[in-house]
Every structure is written in structure tokens, then in C-alpha cells.
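Got the viewer open? Here's a short walk through the pockets, one selection at a time.

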Amino acid sequence: MIRTMLRPDVLVFARFATVGIASNALLSVLYLVLASGLGVAPGVSATVAWIVGVTVSFLITRSWTWGHTGPRGSTFVRYGLLYATAYVLNILLLMLLVDRMGFRHELVQGVLIVLFGLSLYLGQRFWVFRSGTDT
């Protein structure tokens with residue numbers, strides 16, 4: 001039973017990955033336009049890009065990736081909490097592994113991208129967009 005539950009749906013995962021890659025690419029451009037082009041502080045630029053990214057990727061992921069038809073509000077709250085948790089954990093792990101333990105930031109972030117990508121997929125599948133949970 002567990003094997004059946006965890007067997008990836010290749011099409012859904014491909015859509016999830018496509019949204020993630022496209023979203024990150026576009027939001028990197030948004031960050032650069034804000035920070036480098038318009039002179040907005042990097043922290044503000046990153047925060048604006050993150051908020052825009054979570055909102056836009058939710059709308060696309062909800063309909064195109066998962067075909068979710070339940071209420072948007074409670075689902076968006078779960079989605080936002082999932083991504084906020086990933087963001088905070090990413091920063092904390094970077095501080096621990098890079099700043100305190102001295103690992104190369106490129107290696108650490110590369111590994112974290114993969115781990116968080118898989119975790120976000122599972123979080124969406126089993127918590128955010130699970131069927132029968134929205135009322």
C-alpha cells in the first residue's frame with residue numbers, strides 16, 4: 001500500500017517541476033529588475049519576488065499541476081505555510097552548514113534545492129492539495 005501511495009505520477013511531477021523551474025527563472029529576473037534595475041533593496045526585492053512567486057505558482061500549480069477544484073482560501077493558506085516553512089528552513093540550514101560549519105554555499109544550496117523540491121512535491125500531494133480536505 002505504501003509503495004502504491006508513494007509511486008510518483010510522472011505527469012503531475014513533470015508539471016510540478018515545470019512550474020517550479022519556470023517560476024524560479026521568472027522570479028530571478030523580477031528580483032534582478034527590482035534590485036539592479038530599479039535600485040530596490042535586495043531584501044525587499046527578494047521578499048517581493050517570493051510573495052509574487054508563491055501567489056502565481058499557487059494559481060498555476062493548483063489548476064494545471066493538480067487539477068484541484070476545492071476552495072482556494074484554505075488551500076492557499078496551506079500552500080503559503082508549506083513554502084514559508086521551506087524558506088525559513090532553507091535560510092537556517094544555510095546559516096548552519098555554510099556560516100557555522102564552513103561548507104561551500106553552492107554545494108549546500110544545490111543539495112537543498114533538490115531536497116526541498118521533493119519535500120514541496122510531497123507536501124503538496126499529501127497536505128496542500130489532498131482530496132476531500134477542504135470544507
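By class, how many nonpolar, polar and charged residues does the lining of the second largest pocket have? Keep that in mind while you make the selections; bear in mind too that this is a predicted model.

Start with the second largest pocket, which has a volume of about 170 Å³. Select Thr-18, Val-19, Ala-22, Ser-23, Leu-26 and Leu-27, then add Val-52, Gly-53, Val-56, Ser-57 and Ile-60: together these residues line the pocket. The elements giving two or more residues to this lining are α2 and α3, and α2 gives the most, with six. Now colour your selection by class and you have the tally: seven nonpolar, four polar and no charged residues.

Next, move over to the largest pocket, with its volume of about 1,200 Å³. Its lining runs to 34 residues, so to speak a longer selection string; pick Asn-24, Trp-50, Tyr-83, Ile-113 and Leu-120 to begin with, as they lie nearest the centre. Then show the helices around it: α2 (10-37), α3 (42-65), α4 (72-100) and α5 (105-128) each supply at least two lining residues.

Which element gives the most to the lining of the largest pocket? Select α2 and count: it contributes eleven residues.

Last stop: colour the lining of the largest pocket by class. You'll find 22 nonpolar and twelve polar residues, with no charged ones.

Note on methods. Residues numbered from 1 in each chain as written. Predicted model: local features only at pLDDT ≥ 70, side-chain atom pairs only at ≥ 80, totals over all residues. Heavy atoms only, no water. 1 Å grid on protein atoms, 1.4 Å probe; cavity = no way out; pocket = protein on both sides within 12 Å on 5 of 7 lines; lining within 4 Å. Points joined across faces, edges and corners; volume = space filled by probe spheres on them. Helix = DSSP H or I, 4+ residues; strand = E, 2+ residues; numbered from the N terminus. Nonpolar A, V, L, I, M, F, W, Y, C, P; charged D, E, K, R; others polar.
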